[in-house]
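Q: Please take a close look at the nonpolar interior of this protein. I would like to know what it is built from and what lies around it.

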Amino acid sequence: MIQFNWEDKTILIVDDTKMNYVLLRSQLRKTNVKTLWVENGFDAVEFIKNNNTADLILMDIRMPVMDGIEASKMIKDICPDIPIVIQTASVMGSAFEEISKSNCDDTIFKPIDAGKLIEIIANQFEKYSKK
């Protein structure tokens, strides 16, 4: 697997389960990326509204207060140049339609494979560096 050094990058992880954040942070450890965590979509939107920066957002769908679909739409309205990767266990029916309407840039399915996660993030960083 290709090694990445993203020490100059910050990823905002939005998930209502702290253990999921810990797992994602662990999977990304070798990349040297800085990770931040908020527990719901509302907090993610507030984070962006308050002029905080993230180079990428990993967004869970099912969360209390505000779900990831609504939060993704709002964040893209505020700052369209932040790539958002939806993370979900739902791949069927209405969930798939919701994801397609969220303006997110990519999707990764749980359980999350570390190699696939890093590949998706690398693709988003490359895509957005060319904009």
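A: In this predicted model, the largest nonpolar core has 21 residues. Those with the most contacts inside this core are L12, V14, A44, I57, M59 and I75. Five elements are listed as giving it two or more residues each: strand β1 (10-14), helix α2 (41-49), strand β3 (56-60), helix α3 (68-78) and strand β4 (84-88). The largest share, four residues, comes from α2.

One residue shows how these parts meet. I57 touches L12, V14, I48, I75, I82, P83, I84 and V85, with residues up to four places away in sequence not counted. Two of these partners, L12 and V14, are themselves among the residues with the most contacts inside the core, and so is I75.

A further core, of 18 residues, lies apart from this one. Its members include W6, Y21, I118 and F125.

The next step is to see how the helices are placed. Helices α2 and α3 both give residues to the largest core. Their axes come within 9 Å and cross at roughly 5°. An angle under 35 degrees counts as roughly parallel, so α2 is roughly parallel to α3. On the α2 side the contact is made by G41, A44, V45, I48 and K49, and on the α3 side by A71, M74, I75 and I78. Sorted by class, this contact has seven nonpolar residues, one polar and one charged. A44 and I75, which take part in it, are also among the residues with the most contacts inside the largest core.

Another pair of helices is arranged otherwise. Helix α1 (residues 18-28) packs against helix α5 (residues 114-129) at an angle of about 75°, and their axes are 10 Å apart. Angles of 65 to 115 degrees count as roughly perpendicular, and α1 and α5 are therefore roughly perpendicular to each other. From α1, the residues L24, Q27 and L28 meet A114, L117, I118 and I121 of α5. This contact has six nonpolar residues, one polar and no charged. I118, which is part of this contact, is also one of the residues of the 18-residue core.

Helix α5 also holds residues with other surroundings. Q124 lies in this helix. Its relative accessibility is 4%, and buried means under 20%, so Q124 counts as buried. Leaving aside neighbours within four places in sequence, Q124 is in contact with L56, P83, V85, D105 and D106. Of these partners, P83 and V85 are also touched by I57. E119 is in α5 as well, but at 42% relative accessibility this residue counts as partly exposed. The C-alpha atoms of E119 and F4 are 9.9 Å apart in space, while the two residues are 115 apart in sequence.

The loops around these elements have some backbone details to note. P111 is in the loop between β5 (106-109) and α5. The peptide bond that joins K110 and P111 is cis, with omega about 0°. N32 lies in the loop between α1 and β2 (34-38). Its phi is near 65°, a positive value in a residue other than glycine. At 42% relative accessibility, N32 counts as partly exposed. N51, in the loop between α2 and β3, is not a glycine either, and has a positive phi of about 60°. With a relative accessible area of 68%, N51 is exposed.

N32 can also be placed relative to the start of the chain. D8 lies in the segment before β1 and is exposed, with a relative accessible area of 58%. D8 and N32 are 24 residues apart along the chain, and their C-alpha atoms are separated by 8.4 Å.

Finally, there are the cysteines. The count of disulfides comes to zero. C79 is in no disulfide, and the nearest cysteine sulfur to its own, that of C104, is 16 Å away. A disulfide needs the two sulfur atoms within 2.5 Å, so the sulfur of C104, at 16 Å from that of C79, is too far for a bond. C79 counts as partly exposed, at 27% relative accessibility. A nonpolar core takes in buried residues, and buried means under 20% relative accessible area, so C79 does not belong to one.

How values were computed:
Residues are numbered from 1 along each chain as its sequence is written. This is a predicted model: local features need pLDDT of at least 70, side-chain atom pairs count only at pLDDT 80 or more; totals for chains, interfaces and linings use all residues. Side-chain values use heavy atoms; hydrogens and water are left out. A nonpolar core is a set of buried Ala, Val, Leu, Ile, Met, Phe, Trp, Tyr and Cys residues joined through side-chain atoms within 4.5 Å. Buried means under 20% relative accessible area, exposed over 50%, partly exposed in between (1.4 Å probe, protein chains only). Contact means heavy atoms within 4.5 Å. Axes are lines fitted to C-alpha atoms, for helices over the stretch in contact, and angles run from 0 to 180 degrees between N-to-C directions. Angles under 35 degrees count as roughly parallel, over 145 as roughly antiparallel, 65 to 115 as roughly perpendicular and the rest as oblique. Ala, Val, Leu, Ile, Met, Phe, Trp, Tyr, Cys and Pro count as nonpolar, Asp, Glu, Lys and Arg as charged, and the others, Gly among them, as polar.
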